[in-house]
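Biologist: I should like to work through a protein structure step by step. May I put some questions to you?

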Amino acid sequence: MRMTIYIAIVPVLLAAAAGAMAQPYPAKPIRVIAGFPPASGADITARVIGARLNDALGQQVVVDNRPGAGSNIAAELAAKSPPDGYTLFIGTVANAINATLYPKLPFDFARDFAPVALTTAAPNILVVHPSVPARSVKELVALAKSRPGQLNFASAGTGTAPHLSGELFKAMTGVSMVHIPYKGSPPAVTDLMAGEVALMFSPSSSVLPHVKTGRLRALAVTTASRLPSLPDLPTVAESGLKGYETITWFGVVAPAKTPPAIIMRLNAEITKVLALPDVRNQFGNQGIEVLGGTSEQFASTIRDEIAKWAKVIRLSGVKAE
């Protein structure tokens, strides 16, 4: 009798298991891990896109902020999560930098993540205190060469994109400037406006208001093209430093071995979200550019960025704090 009961139950359990496996993705909430605090570019990207994916995917998208160690803590957590599409990570230029800056990370950004979509970017602006007698990149280079080791430049911290933007500038121009690291962009910008430091490669969102009021002077933007909000501001490359380009990018990645069908679905939905006019305006109002593209294109960007920043780090001798 007992054996008969067991035999009767087995088909029921198998049918239930098959039904669970056949559930279309997603069948439960999705967690998006951001390695930086609220109001950061990674957080803004996650929340703006996540809010629209709620409707598109029919499941709640929850943003989980895990700041610390240049986003390495969050990246490790995400890399070691199940590759089932229910844990995503906001990869940034910091992860490409950290691949070389930290020689013993417990994960490999290029190997342990599957790129989903390159989403947004925030340009850096080369700004100086108004007392600095330079009104162009060419004049700044000449000034720095006439005062070797006397000009100092601020950054959001050692190994950050603003810091390495300055190191790349030094390497390409041959100038000698002193790096002054801060714990984030806000205190660095405050000291720059006070004249405690001479210049900075700063995220546009941190300095645009001060440029417009004249408290800081903008010399160039670090991206390949000009900013719509400052159309008269040339790029560093246009200013005589051909090939110079840095950008603080953000994108969605998933743990490696996430099924390709899930990657494709997420890429398609994110692409639709990025095309929405109100989403583009929402990002634009915060100085963030909307990007996009295929997962393969994002993979290529990651490889190129890791290689570029590895070269800058080795040439500059930058060490992790």
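The questions below concern confidence, burial, strand pairing and the internal cavity.

Biologist: What average pLDDT does the protein chain have?

Modeller: This is a predicted model, and its confidence varies along the chain. Residues 1-7 stay under 50 and have 0 contacts beyond four places in sequence. Residues 10-21 are also below 50, with 0 contacts beyond near neighbours in sequence. Even so, 93% of the residues score at least 70, and the chain averages a pLDDT of 90.

Biologist: Is N98 buried or exposed?

Modeller: N98 belongs to helix α4, residues 93-101. Leaving aside residues up to four places away in sequence, N98 touches A69, G70, S71, N72 and L105. Buried means under 20% relative accessible area. Because the relative accessibility of N98 is 4%, this residue counts as buried.

Biologist: Which residue of β9 is the bridge partner of V128?

Modeller: Strand β9 covers residues 217-221, and 5 of its 5 residues are buried, so the rest of the structure largely encloses it. Strand β5, residues 124-128, pairs with β9 in the antiparallel sense over 4 bridges. Within β9, the partner of V128 is R217.

Biologist: Which element gives the most to the lining of the largest cavity?

Modeller: The structure holds 1 cavity of 30 Å³ or more, and the volume of the largest cavity is about 70 Å³. Its lining comprises 8 nonpolar, 2 polar and no charged residues. Both α2 (41-57) and β3 (87-92) supply at least two lining residues each. With 5 residues, the element that gives the most is α2.

Methods: Residues numbered from 1 in each chain as written. Predicted model: local features only at pLDDT ≥ 70, side-chain atom pairs only at ≥ 80, totals over all residues. Heavy atoms only, no water. pLDDT = per-residue confidence, 0-100. Contact = heavy atoms within 4.5 Å. Buried < 20%, exposed > 50% of the residue type's maximum accessible area, 1.4 Å probe, protein only. Pairing = 2+ DSSP bridges. 1 Å grid on protein atoms, 1.4 Å probe; cavity = no way out; pocket = protein on both sides within 12 Å on 5 of 7 lines; lining within 4 Å. Points joined across faces, edges and corners; volume = space filled by probe spheres on them. Nonpolar A, V, L, I, M, F, W, Y, C, P; charged D, E, K, R; others polar.
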